[in-house]
Amino acid sequence: MVEHSFKLPDIGEGIAEAELACWMVKPGDIIREDDVICEVTTDKASVEIPAAVGGRVVWLGAEPGETIAIGSELIRIESDANAPIPEIVENPPGPEPALVKEAAKTATIADKAPPAPAHRDGPHVPARGATGRPLAAPSVRGRARDMGVDLRQIRGSGPAGRILHEDLDAFLARGPESPPPGALQPRDATEEIRITGVRRKISERMSLSKSRIPHFSIIEEVDVEALEELRAKLNARFGETRGRLTVLPFLLRALSEAVLDHPEVNAHYDDEAGLVTRYQALHCGIATQTDSGLMVPVLRHAEQHSLWDVAAGIRRLSDAARTRRSLPEELSGSTLTVTSLGPLGAIATTPIINHPEVAIVGVNKIAIRPMWNGTAFVPRRMMNLSCSFDHRVVDGWVAAEFVQKLKSLLETPAMMFMELGND
């Protein structure tokens with residue numbers, strides 16, 4: 001038997017350490033080469049670490065939540081160079097599940113969870129990582145999201161209860177489980193979830209922002225009738241060939257124009273050095289909800305792109321963040337952030353500034369409201385903007401002017417194109 005020791009590999013330029021989010025294996029497990037053994041997180045992204053060889057796991061180098069330096073010993077795997085590593089049969093034929101092929105009958109798979117049965121009698125608690133979400137590869141999460149399946153309903157048959165594509169296929173084939181008719185289930189269980197990984201980074205950044213920045217917010221309602229009419233016409237004319245436009249590309253176009261008049265809000269504030277850095281370029285952070293929590297990919301030079309390029313960039317960055325394929329450079333360097341809850345966007349919000357930026361623009365949902373036109377109430381499509389500012393560097397008057405500039409551009413969208421003249 002040969003014992004292999006593996007170290008945490010380099011997972012990105014300039015990254016010196018990472019936090020262990022969860023293990024996908026435990027001592028005694030038999031794994032194959034390229035099986036995912038653990039998930040680590042940095043302040044940029046989550047990364048799954050695959051096994052370099054197959055064999056039996058004999059030692060783990062850290063506990064979830066611990067910080068590991070790049071190059072530190074991570075795991076030890078024992079393998080027999082003269083014997084084949086037992087191979088796990090993904091879709092075993094016959095009525096009884098089989099875990100190993102005939103050639104490896106003498107090998108055992110210690111403590112490995114059995115494949116999911118075809119039917120169960122009641123609900124279950126799925127295996128979860130330290131982040132609190134069910135264990136599954138990004139590709140499985142992507143399929144489940146596309147199909148509208150909640151992974152918490154599926155029992156994983158992979159290592160440490162990891163949900164595999166086969167588990168998802170089986171779930172889709174048999175349908176969701178339902179409790180007995182009329183049965184009311186008691187709910188007296190509790191669950192403790194350690195705050196680690198991306199969630200801990202979010203916690204740290206939110207605490208930093210709220211403790212260091214004296215926020216104030218301005219909420220303004222915007223008549224988006226003209227914008228919605230223009231958006232509908234553009235989507236009807238170009239939607240099939242260039243992609244459909246949401247409100248966000250128009251908002252970024254308006255922001256690109258508004259920061260020219262108000263550079264105070266497109267800036268960073270280093271309060272330790274007492275230095276404000278204003279930016280001509282609009283590197284716009286796009287707050288994106290993912291399975292791991294809130295992430296902010298950055299669309300660089302939003303001011304130089306067309307509406308459709310901006311829309312495509314937002315889609316690409318958001319998809320990459322949700323599937324954890326973002327590059328480290330795509331998750332840093334924003335100068336002003338936009339946040340939106342889409343159709344759940346409420347009436348108003350109080351967004352927290354993304355430190356060290358000095359402003360954030362929140363988009364609330366569009367709703368039809370009665371508006372007085374001087375003689376009668378008329379229905380209009382209205383949308384609120386909820387904007388927060390760092391009061392140390394942005395005065396209330398400047399913030400109000402900035403919001404009014406945004407409002408005027410969004411209510412008269414033709415002005416965006418006349419002033420920039422790029423489309």
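Axes are here lines fitted to C-alpha atoms, for helices over the stretch in contact, with angles that run from 0 to 180 degrees between N-to-C directions. The structure is a predicted model, in which local features need pLDDT of at least 70, side-chain atom pairs count only at pLDDT 80 or more, and totals for chains, interfaces and linings use all residues. Residues are numbered from 1 along each chain as its sequence is written, and side-chain values use heavy atoms, with hydrogens and water left out.

To start with the whole chain, its secondary structure comprises eight helices and 18 strands (DSSP runs numbered from the N terminus: H or I of at least four residues for helices, E of at least two for strands). Of its 423 residues, 44% are buried (under 20% relative accessible area, with a 1.4 Å probe and protein chains only).

One helix pair invites a closer look. The axes of helix 5 (residues 247-261) and helix 7 (residues 396-411) come within 9 Å and cross at roughly 135°. Helix 5 is therefore oblique to helix 7 (an angle outside the classes under 35, over 145 and 65 to 115 degrees). In contact (heavy atoms within 4.5 Å), helix 5 residues including Phe250, Leu251 and Ala254 meet helix 7 residues including Phe402, Lys405 and Leu406.

Cysteine 284 offers a second view, this time from strand 12 (residues 284-286). Cysteine 284 counts as buried because its relative accessibility is 0%. Its C-alpha atom is separated by 5.5 Å from that of valine 298, 14 residues apart along the chain. Leaving aside residues up to four places away in sequence, cysteine 284 touches Val298 as well as Leu252, Pro297, Leu299, Ala302, Ser334, Leu336 and Val338.

Methods:
Buried means under 20% relative accessible area, exposed over 50%, partly exposed in between (1.4 Å probe, protein chains only).
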